[in-house]
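Here is a quick tour of one protein model, with an eye on its sheet and its charged pairs. Have the structure open and follow along.

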Amino acid sequence: MKKLLCFILGLLILCANSLAFAETANSYIIKEANPLGYPQSTWENNAIIELNDQTRILQLESILNNAALLNDTPNVGNFGIIDSYHIQGKDRNGTLYYDTLYYRTSWEENGQFYDLGEAAGRFIKNLFQIGTKRYDPIPEDHAALFKEYGWTLDFALGTKNITLPDKLLFSASSENQTYFAYRNLFLRDSGYNIEPFLGQKVDVSLYWIHEGVNRLLWCPEDVYFINDKDLGVIIQMRGIVLSSQGQVIGAFLDAGRHNATFACSMSGKSDSQILGQETLLDYIHTHSEEPSLNIKLAELTPEELIRMYAETSNNALAYACYGSEKRLELLTTNMNDNGLFVPWATTIEPPRLIVGSVEDHESYYTINLEDGRQFYPELVYEGEGYGWRIESFFNTGY
């Protein structure tokens, strides 16, 4: 009799577990809808995700279940680009609106609007960018580390294994070396020393951070555009952790694909706050690996520099023709949110330009692309010993 009761009890537990699994083992269909303000014709092939990963489903349900009812209909047609997503699954069927300028997220369901907070839109956008098949949990020690400084890790963007450079000097021949020469500013301010690990393999973990940072931190001039209604542009940040054999050896924050100089230490300091009286340009100059190349370029006139850039087939030389701070910006141009930097070959493509003089202006030059378009270079003088460098090309997006 006792064995029979145990058998029946076991069956009941098994059935309960099966029912519980059936309750949670749902899938969600998420369709990328037409962003507001874009023509229908430009978004004909909208992406669709079937969300099956139970951990991600629990995250999504937690976001939706904690929505706060809005008394007024939100202005989903403001000056920002509003991404929209249709979400259907279980007992939920609605539309999520994500303001990519101010990072506000609204949820519309059954005729009601709800506030989801700034993290919800990033979560959905992240699903489409890095996929749904792999889920990277957030290690407790990483979450605790950022919490100590007042940051909250929302979810993981991924982990990659990289080789640190052999030295922490800015170099026109190594984007990896330049990246860490600059990021070392924030690592040192956060109390880390990665020099013992140079040349070694390390793990890099990337996370979206819940708290946004006002662009004022890097662009003080934004203060002139701030008023009672507009508090400025809030930048979404990533938390980046360097680990060696499971031990954290460094951590800092950056803004991903935005300007690579939009970064800060764990205490929230920008490069200018860390450097104090020293400018970023001076810091780069005193931590450069190639003084001979700088001397060579410093001897060139603006026209000679442009011609060298236009005619060279050497990517490193073309990269060196750019301004020192502009080279940092190019490190993250058009980068995915789960990347560290992009190869320079994707942002600089010599030879592709022909230099010609402007009619009636002998001292001015144009850049003529092979398709016939013309652009005008903007140069900046970096001082004695460095000379002229390219700051941008008008209308090229640089």
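## Two strands, side by side

Start with β4 and β5. Strand β4 covers residues 82-89 and strand β5 covers residues 92-99; they run antiparallel, and eight bridges join them. If you want a spot to check the register, find Asp83, which sits opposite Tyr98 in β5. Keep in mind that this is a predicted model.

## The sheet and its helix

Now zoom out to the whole sheet. It is an open one with seven strands, paired antiparallel, and reading across it gives β2-β1-β4-β5-β6-β7-β3. At the edges you'll find β2 (48-51) and β3 (68-69), each of which pairs on one side only.

Helix α2, residues 54-65, packs on this sheet. The strands touched by α2 are β1 (28-32), β2, β4, β5 and β6 (104-109), and the helix direction makes about 75° with that of β1.

## A buried pair within the sheet

Salt bridges next: the count comes to seven. One of them brings together the side chains of Glu109 and Arg92, at 2.9 Å from N to O. Glu109 belongs to strand β6 and Arg92 to strand β5, so to speak two distant parts of the chain, 17 residues apart, are linked here.

Are these two buried or exposed? Buried is anything under 20% relative accessible area. Glu109 comes in at 8%, so it counts as buried. Arg92 has 18%, so it counts as buried too.

## A partly exposed pair

Lys269 and Asp189 also meet through their side chains in a salt bridge, this one at 3.9 Å from N to O. Lys269 is in the loop between β14 (263-264) and α6 (271-275), while Asp189 is in helix α5 (residues 175-189), so the bridge ties together parts that are 80 residues apart in sequence.

Both ends are partly exposed: Lys269 has a relative accessible area of 36%, and Asp189 has 28%.

## A small charged network

Last stop: Arg238 and Asp254. Their closest N and O atoms are 2.8 Å apart, and they form a salt bridge. Arg238 lies in strand β12 (residues 238-244) and Asp254 in strand β13 (residues 247-254), so this pair ties together parts 16 residues apart in sequence.

Arg238 and Asp254 are both buried. Which residues make up the network that shared salt-bridge partners join here? Arg183, Arg238 and Asp254.

Terms used: Residues are numbered from 1 along each chain as its sequence is written. This is a predicted model: local features need pLDDT of at least 70, side-chain atom pairs count only at pLDDT 80 or more; totals for chains, interfaces and linings use all residues. Side-chain values use heavy atoms; hydrogens and water are left out. Two strands pair if DSSP finds at least two bridges between them. Helices (H or I, at least four residues) and strands (E, at least two) are DSSP runs, numbered from the N terminus. Contact means heavy atoms within 4.5 Å. Axes are lines fitted to C-alpha atoms, for helices over the stretch in contact, and angles run from 0 to 180 degrees between N-to-C directions. A salt bridge is a side-chain nitrogen of Lys or Arg within 4 Å of a carboxyl oxygen of Asp or Glu. Buried means under 20% relative accessible area, exposed over 50%, partly exposed in between (1.4 Å probe, protein chains only).
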